[in-house]
Amino acid sequence: MESDNTPPTKDSNLCCGHNHAHIQPVEQTPTEPAKSGVALFRIPTMDCAAEEAEIRHALAKLPGLRSLSFQLGARTIAIDAPSESLPEALAAIRKAGFKPTPLTNEGAGLQDDHGHGHHEHANTHFHSESAWMPQGALRYALALVLAFSAESIAFFAPATLTTSLAGMAVAAMAIALSGLSTYVKGIAALRNARLNINALMTVAVTGAFLIGQWPEAAMVMALYAIAELIEARSVDKARNAIKGLLDLTPEEAQTRNADGTWARTHVKNIAMGAIVRVKPGERVPLDAVIVVGETAVDQSSVTGESIPVDKSIGDPVFAGTINRTSSFEAEVTAIAGDTMLARIIHAVEQAQGSRAPTQQFVDAFAAIYTPAVFVLALAVAALGPWLQDWTFVQAIYKALVLLVIACPCALVISTPVTVVSGLATAARRGILIKGGVHLENARKIKAIALDKTGTITSGKPKLVATEILDTAHPEQQVFHWAADMAAHSDHPVSQAIALGLDGYQCDGDLDSFTALPGRGIQAQAHGTALVLGNHRLIEEMGICSPEIEARLAVYEHEGRTITMLASPEKVIALFAVADTIKDSSREAVADLNALGVSVSMLTGDNAATAKAIGTQAGIADARGDMLPDDKLAAIEALRTSHGCVAMVGDGINDAPALARADIGFAMGGAGTDIAMEAADIVIMNDDLRRIPETIRLSRKTHSVLTQNIVIALAVKAAFLGMAIFGEASMWMAVFADMGASLIVVFNGLRLMRPGN
């Protein structure tokens, strides 16, 4: 049987659910064949979760059905079933009132319930039905004119059989123009004993027409159709909020041929390893690594960074980003469907397809609410004449008004549009949230554990201090020696020294370079032996005096690694290297504390380094010497003491803790693939300040969700009371229903405004 796209939750006693949705490529090749056994269809009138539920119910008994996958944004469905069952599946969908259109693999961007990809070119992911929407608008406008005409005939024309028949004919045409699809789906639902929105409207409009309220029946159907159209377009705005990203990648790029000439090539035909040239002002066509040139790149579309980033040989560039200053050449590292931009879009699509906790509640509530209202309407129609001294026609009319008011449109649509708006807002900021469940649950975070390297710190050692101990040698000479020797080593600490002393290197002053594995490097300066090495090497040489030990202790207490330049007789200079804290880390930690979140640091570095970095970042609970198992235990302890806990990391050793935490954040820029796949949320630009932003967005999303549910239920309750005990017409009913729907839709869209 099919699964329901609802993210699995962790143990029931945990406060936050967890779903490991991977960032997967959008397409493997330009013409990747469809997965065997999976048929792809587009259903133009499938707009919301209620209609998805109708199709799921229609296909529930399909022989051999393995899974169903829905993409409401693209209005597509993937059916994984034996080919001989597909005709029956199509017949069942049509019987439910929908018209499926078969697609090739290029026409759908789907992910089945088990995570297997069925991908399309990115530009078709956000199909907005531009072909039929304008026609629908014109048809509904004509239906509204006819409905007004029917009202005018009933109000102004003399009450004769001819005018009544004319009015009924005009009303019937208005209903046919605006409500045909509603009737088809409503009748199908009634035939299958399912009371959905379309069934309620079908019964209400038909009943009103039959008891002589044909002008109101026509007006209700026309207004309902127009409001549905507005609502659908508004929801599309939320679902297509990141559609602009699709237009960022150019269709063609300059590629270098084997003979060295350049030619324009479509990006879908550019292979891995190809060399592309990007001029100033152009967008980068594919993910690549610069091989010639230097420039500054605007990466805001991928990472959310507002300031262009300097790039040089060996640096990566992402598809869709803008080259700001100079031309460069780059080697392609990802084909069109596997770029970071394409993977972000696909991940957001997957997130849109998952049901957040509030949406699950609303769907379950609506499943009970709609039949209950139908029973209430029947009770009003049957008992009204006995209990309220109404006429039979008055009782039926009130029951029909009640049905229109009670349509759960506003309630059903209130959650997905809000969640999708929140996901899109996060994506534009470089925060990739892999599901509505994580967007909602981030507000519950009470404690957060941060890895050190690459998370709080830059992850790249830098030369932070120098100290010359032997004044017999000029400072410039000492720095020349250290720079040349460090440049001859590939150790990260030596490379940091060489980079920090850039400009001091000189050729010919040193020779006879010899590597000392695990200790350092040795060279000759005009016949004098020099070494550039660690504490162990200096001790082996017997020149590590108590004074040197005291100096080393001070640096090591600050979390710095010391390398020493020495002759056989004495230490000449000290060079302190450290993984420096990011400028944004202190601000992020302070912001998290202000939000009431307890912050801890878990690192594999020694306790002294952990304490030093923690002090710089403003973290009191800084723990060192943490192996992966230790981090897991720490996460469990934080959960016990605080409740919902998050983990932030970027390395392979962080992946277990990321998976165990209620919500895992991965650093996307420097992070490993396994860490990003284990995490629920990926911070694309490695800026820790995005984490408190995520928590605030989660709280704002929850607030809007609550507002929408309260608005929908309050409006329903008020007008239901008026319908039963006071005066409420079908006009008021449709405005109450669709008015509430539009209010909650536009309220949800507020999340996409700048500043949220």
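In this predicted model, strand 11, which covers residues 295-298, is joined to strand 12 by three bridges, and the two strands run antiparallel. One pair of facing residues can be picked out: threonine 295 has lysine 311 of strand 12 opposite it. Strands 11 and 12 belong to an open sheet of three strands, arranged in the order 12-11-14 with antiparallel pairing. Strand 12 (309-311) and strand 14 (322-323) are the edge strands, and each of them pairs on one side only. As a general principle, the strands of a sheet pair through backbone hydrogen bonds, in either a parallel or an antiparallel manner.

A second open sheet can be followed in the same manner. Four strands form this sheet, in the order 2-3-1-4, and their pairing is antiparallel. Strand 2 (67-71) and strand 4 (101-103) stand at the edges; each has a single partner strand, so one side of each is left without a neighbour in the sheet. From one strand to the next, the twist averages 30 degrees. Within this sheet, strand 1 (residues 38-42) and strand 4 run antiparallel and are joined by three bridges. Here phenylalanine 41 is found opposite proline 102, a residue of strand 4.

These sheets are parts of a protein with 25 helices and 28 strands. The protein has 756 residues, of which 54% count as buried. Its exposed area is about 30900 Å², and carbon and sulfur atoms supply 58% of that area. The contacts give another view of the chain: among those between residues at least 6 apart in sequence, 69% join residues at least 24 apart.

Alanine 442 offers an example of a buried residue. Where does alanine 442 lie in the chain? Its place is in the loop between helix 13 (436-441) and strand 17 (447-451). The relative accessible area of alanine 442 is 0%, and the residue therefore counts as buried, a class that requires a value under 20%. Which residues are in contact with alanine 442, leaving aside its neighbours within four places in sequence? They are Ile663, Thr694, Ile695 and Ser698. The C-alpha atom of alanine 442 is also separated by 9.4 Å from that of valine 645, although the two residues are 203 residues apart along the chain.

Tryptophan 386 provides the opposite case. This residue is located in helix 10, which covers residues 357-387. Is tryptophan 386 buried or exposed? Its relative accessible area is 75%, and because the exposed class begins over 50%, tryptophan 386 is exposed. Together with Leu383 and Leu387, Trp386 forms a nonpolar patch on the surface, and the accessible area of the three residues together is about 430 Å².

The charged side chains remain to be considered. In general, side chains of opposite charge can pair when their charged atoms come close. The structure holds 17 salt bridges. In one of them, the side chains of arginine 519 and glutamate 540 meet, with an N to O distance of 2.8 Å. This pair links distant parts of the chain, since arginine 519 is in the loop between strand 19 (511-516) and strand 20 (520-525), whereas glutamate 540 is in helix 17 (residues 535-540), 21 residues apart. Arginine 519 counts as partly exposed at 27% relative accessibility, and glutamate 540 likewise counts as partly exposed at 47%.

Another salt bridge brings together the side chains of arginine 639 and glutamate 636, at 2.9 Å from N to O. Both residues lie in helix 21 (residues 628-642), three residues apart, which corresponds to about one turn of the helix. Arginine 639 is buried, with a relative accessible area of 14%, while glutamate 636 is partly exposed at 28%.

Arginine 639 also forms a salt bridge with aspartate 662, in which the closest N and O atoms are 3.4 Å apart. This pair links distant parts of the chain: arginine 639 belongs to helix 21, and aspartate 662 lies 23 residues apart from it, in the loop between helix 22 (655-660) and strand 27 (663-667). Aspartate 662 counts as buried, at 1% relative accessibility. Through shared partners, salt bridges join Glu636, Arg639, Arg660 and Asp662 into one network.

Technical notes. Residues are numbered from 1 along each chain as its sequence is written. This is a predicted model: local features need pLDDT of at least 70, side-chain atom pairs count only at pLDDT 80 or more; totals for chains, interfaces and linings use all residues. Side-chain values use heavy atoms; hydrogens and water are left out. Patches are made of residues with over 30% relative accessible area and no salt bridge: like charges are joined within 9 Å, nonpolar side chains (Val, Leu, Ile, Met, Phe, Trp, Tyr) within 5 Å. Accessible areas come from the Shrake-Rupley method with a 1.4 Å probe; for residues, only the protein chains shown count as cover. A salt bridge is a side-chain nitrogen of Lys or Arg within 4 Å of a carboxyl oxygen of Asp or Glu. Buried means under 20% relative accessible area, exposed over 50%, partly exposed in between (1.4 Å probe, protein chains only). Two strands pair if DSSP finds at least two bridges between them. Axes are lines fitted to C-alpha atoms, for helices over the stretch in contact, and angles run from 0 to 180 degrees between N-to-C directions. Contact means heavy atoms within 4.5 Å.
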